[in-house]
Amino acid sequence: MKMAEETFYDESSAIFIAKKICNVMSVSEPEACWHGYGERRMAIMNEVHDIMSVNDIVMRRDEKYMELLEQIEDYWTDRAEGYSQVNQEELAGDNRTNWRRELERHFPENRTNETYKILDIGTGPGFFSIILAEAGYQVTAVDYTQEMLDTAKKNAGELCEKITFYKMDAQNLEFEDGVFDVVISRNLTWNLKDPERAYREWCRVLKPGGKLLNFDANWYGYLYDEEKRQSYEEDRKSVESENLDDHYLCTDIDRMEKIALQMPLSAINRPSWDRKLLKENGFASVAVDMEVWKRVWSQEEKLNYHSTPMFMISA
């Protein structure tokens, strides 16, 4: 690879970087490389350019990643109050019982609730954490958005003392290996820039023999598929005809769609992708339940999301 003509390194910079890569070139005197002639000098300078080019690419990638995280955090910060209202309605209705029953049927029968450690990733306004803390489990809740955590604590009320809250990135968990008996998540994976890394992290913090329960859907798949778009529009008509709240249109849909277009899973038909990845990352068994939405959703949710049914991945 030739050096770009516009790139300029002064002698001191070249000597400093050459010292860093002298092992690659199998030379002991970087200064001699700089002052020498021929192929060795050009090889070192080409290596320097290649290293700096790779570093520049990595820095730009990391900057874009952080910018996207900021967009997501800003959106969910603004959405916290409205999403909290949805959770409060769940807590006040049959969803509370339906979800607890669904979660507990995947826990071992010989468990002791008080010592059974559960990690709720992407807790949002705290629905899972609240119903599980209420049942006596040892619950840790994480979310990347501080406003969501503040709302979750408010919703938890007196149960807040039984839940440990952390502001944390689901793709970069700060826990040690093998801490939790169960990792649970709902409507989060689709909203991650690096879901592969997230799954590896979730696996890492589970105890040997631990359980992963992930509830998600092919959210915003209609942005890539015209047939899904038509089904999505039919859902909007059904909701309107029943005089129900539209769970899409009561949000900043344009803003969310822009974020969804930057998410890798929006264009992928799941959960086959998840199942394959989890099997490749150390899970002994992976099961998919495509009917879970029928057991846990309210009638209003079933109408709102009929074209995007929730699935469960148990691993």
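1. A pocket, as the word is used here, is an open set of grid points where a 1.4 Å probe fits, with protein on both sides within 12 Å along at least five of seven lines; its lining residues have an atom within 4 Å of a point. The structure is a predicted model. In the largest pocket, helix α3 gives the largest share of the lining, with 13 residues.

2. The space in the largest pocket comes to about 1,000 Å³. Its lining has 49 residues, and W76, R79, Y83, M148 and N187 are the closest to the centre. Two or more lining residues come from each of α3, β1 (117-121), α5 (127-134), β2 (138-143) and α12 (299-304).

3. On the overall build, the protein has 315 residues, of which 46% are buried. Its secondary structure consists of 12 helices and 7 strands. Of the contacts between residues at least 6 apart in sequence, 73% link residues at least 24 apart. The exposed surface is about 16,900 Å², and 47% of that is supplied by carbon and sulfur atoms.

4. In soluble globular proteins, nonpolar side chains tend to be buried together. Here the largest nonpolar core contains 52 residues, and L103, F107, L132, F215 and Y220 have the most contacts inside it. Helix α3 (residues 39-92) supplies the largest share of this core, 7 residues. A second core, separate from that one, has 24 residues, among them M168, V205, L277 and F311.

5. What does F107 touch beyond its neighbours within four places in sequence? The residues in contact with F107 are Y116, I118, L132, Y137, V182 and L213. L132, like F107, is one of the residues with the most contacts inside the largest core.

6. Y220, also named among the residues with the most contacts in that core, has a backbone feature to check. Its phi is positive, about 65°, although Y220 is not a glycine. The residue sits in the loop between β5 (206-216) and α8. Y220 counts as buried because its relative accessibility is 7%, and the cut-off for buried is under 20%.

7. N243 also has a positive phi, about 55°, and is not a glycine. This residue belongs to the loop between α8 and α9. Is N243 buried or exposed? N243 has a relative accessibility of 72%, so it counts as exposed; the cut-off for exposed is over 50%.

8. H247 lies in the loop between α8 (226-241) and α9 (253-260). With 15% relative accessibility, H247 counts as buried. Setting aside neighbours within four places in sequence, H247 has contacts with E300, E301, N304 and Y305. With Y305 there is a polar contact, side chain to side chain, at 2.9 Å.

9. The peptide bond between R270 and P271 is cis, with omega about 15°. P271 is in the loop between α9 and α10 (272-280).

10. E158 is in the loop between α6 (146-156) and β3 (163-167). Its relative accessibility is 75%, so E158 counts as exposed. E158 and E134 are separated by 24 residues in sequence, and their C-alpha atoms are 9.8 Å apart in space.

Terms used
Residues are numbered from 1 along each chain as its sequence is written. This is a predicted model: local features need pLDDT of at least 70, side-chain atom pairs count only at pLDDT 80 or more; totals for chains, interfaces and linings use all residues. Side-chain values use heavy atoms; hydrogens and water are left out. A nonpolar core is a set of buried Ala, Val, Leu, Ile, Met, Phe, Trp, Tyr and Cys residues joined through side-chain atoms within 4.5 Å. Buried means under 20% relative accessible area, exposed over 50%, partly exposed in between (1.4 Å probe, protein chains only). Helices (H or I, at least four residues) and strands (E, at least two) are DSSP runs, numbered from the N terminus. Contact means heavy atoms within 4.5 Å. Accessible areas come from the Shrake-Rupley method with a 1.4 Å probe; for residues, only the protein chains shown count as cover. A polar contact is a pair of N or O atoms within 3.5 Å; within protein, one must be able to donate a hydrogen and the other to accept it, and residues adjacent in sequence count only if both atoms are side-chain atoms. On a 1 Å grid over the protein atoms alone, a cavity is a set of points where a 1.4 Å probe fits but cannot get out, and a pocket is an open set with protein on both sides within 12 Å along at least five of seven lines; lining residues have an atom within 4 Å of a point. Grid points are joined across faces, edges and corners, and a volume is the space filled by probe spheres set on the points.
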